[in-house]
Amino acid sequence: MNVFDIVGPVMIGPSSSHTAGAVRLGRVAGALLGEPAVRARILLHGSFAKTYKGHGTDRALVAGIMGMLPSDARIRSSLSLARQLGLEVEFQPGAIENAHPNTARITLWDAAGNSVEVQGASVGGGNILVDRFNGMDVSISGQYTTLIVLHWDRPGVIAEVASLIGENEVNIANFRLSREARGGRAVMSIETDGLVEKSLCEQIRALPGILSATLMLPN
C-alpha cells in the first residue's frame, strides 16, 4: 500500500475524489489529445453530475485538461483561465450506463479539428481509472508510466510492439487490448514498471499498422 492511499494526495480541496481525481482525469484526456485543447465537452455522471459546481469538479477537470497538477493553486480560477486561453468548455450532467458514480466522459478537440473521447472515474483518495478511449476499452490508473497504442487489428502488431518494449528493457505491469471490430482499429493500454524513454514511442510509431503511440507519465 502506498502512503498516499492512507493520507491522501497533496491537493487543492475540497475533495480528493471530486477535485484531485478529477484533475487527474482531465490530465489523461489532455495527454491523449496531444495538443492544446480549444474545445471540451464533458458529460458528468452520478455524484459528479449532482455536485460538480459545489465541489469544484468542473474547475478540477478543466485544470487537468490544461495540464495542471492537483496541488496547483490555479485550479480555483481554471474556468476563467480557460476562457483567456480560448478553451471553450461545455458541461452536460447526464447518465452513463453501468458507470462508477464519479464518472466523466471528456471529449476534446484541438485547433486542427483532431479529437479524443476519454471516459474515466475518480475511485477514491485521488485515484482514477480510465476505462474508455475513443469508444474502446482501456485500463489506465495514472499510477504507472503508460503507453497508449492505437493500431490496426492485424496479425503480428502486438508481438512487434511487445518485442520493442522488451528490447528497451521495459517491464509490462498491466496490458489491455480492445478493438472496434475484427480487422478494424484497436488500442493497447500498456502500464509499465519504471521510466520509459520517449524514443520507445517513436520506435513504436514507425511500425507498420500503428496509427498513434502516446506516452503518459504517472500523474
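Two strands pair if DSSP finds at least two bridges between them. Strands (E, at least two residues) and helices (H or I, at least four) are DSSP runs, numbered from the N terminus. The model is predicted: local features need pLDDT of at least 70, side-chain atom pairs count only at pLDDT 80 or more, and totals for chains, interfaces and linings use all residues. Residues are numbered from 1 along each chain as its sequence is written, and side-chain values use heavy atoms, without hydrogens and water.

**Exercise 1. Follow Phe 133 to its bridge partners in β4 and β6.**

Step 1: Begin with β4 (residues 115-124) and β5 (residues 127-133), which are antiparallel and joined by 6 bridges. Here Phe 133 of β5 stands opposite Val 118.

Step 2: Now look at β6 (residues 136-140), which pairs with β5 in the antiparallel sense over 3 bridges. On this side, Phe 133 has Met 136 as its bridge partner.

Step 3: Check the turns. The β4-β5 hairpin has 2 residues between its strands, and Gly 125 takes a positive phi near 65°. The β5-β6 hairpin also has 2 residues between its strands, with Asn 134 in the turn at a positive phi of about 50°.

**Exercise 2. Draw the open sheet of 4 strands and place the helices that pack on it.**

Step 1: Write the strand order, β8-β9-β7-β10, and mark the pairing as antiparallel. Label β8 (171-179) and β10 (210-216) as the edges, since each pairs on one side only.

Step 2: Add the twist, which averages 15° from one strand to the next (axes are lines fitted to C-alpha atoms, for helices over the stretch in contact; angles run from 0 to 180 degrees between N-to-C directions).

Step 3: Join β8 to β9 (residues 185-193) with 8 antiparallel bridges. Ser 178 stands opposite Val 187 in β9.

Step 4: Place helix α6 (residues 157-167) against β7 (145-152), β8, β9 and β10, which it touches (heavy atoms within 4.5 Å). The direction of α6 makes about 20° with that of β9.

Step 5: Finish with helix α7 (residues 198-205), which touches β7 and β10 and makes about 170° with the direction of β10.

**Exercise 3. Is Ile 158 buried, partly exposed or exposed?**

Step 1: Find Ile 158 in helix α6.

Step 2: Recall the classes: buried is under 20% relative accessible area, exposed is over 50%, and partly exposed lies in between (1.4 Å probe, protein chains only).

Step 3: Ile 158 has 33% relative accessibility, so Ile 158 counts as partly exposed.
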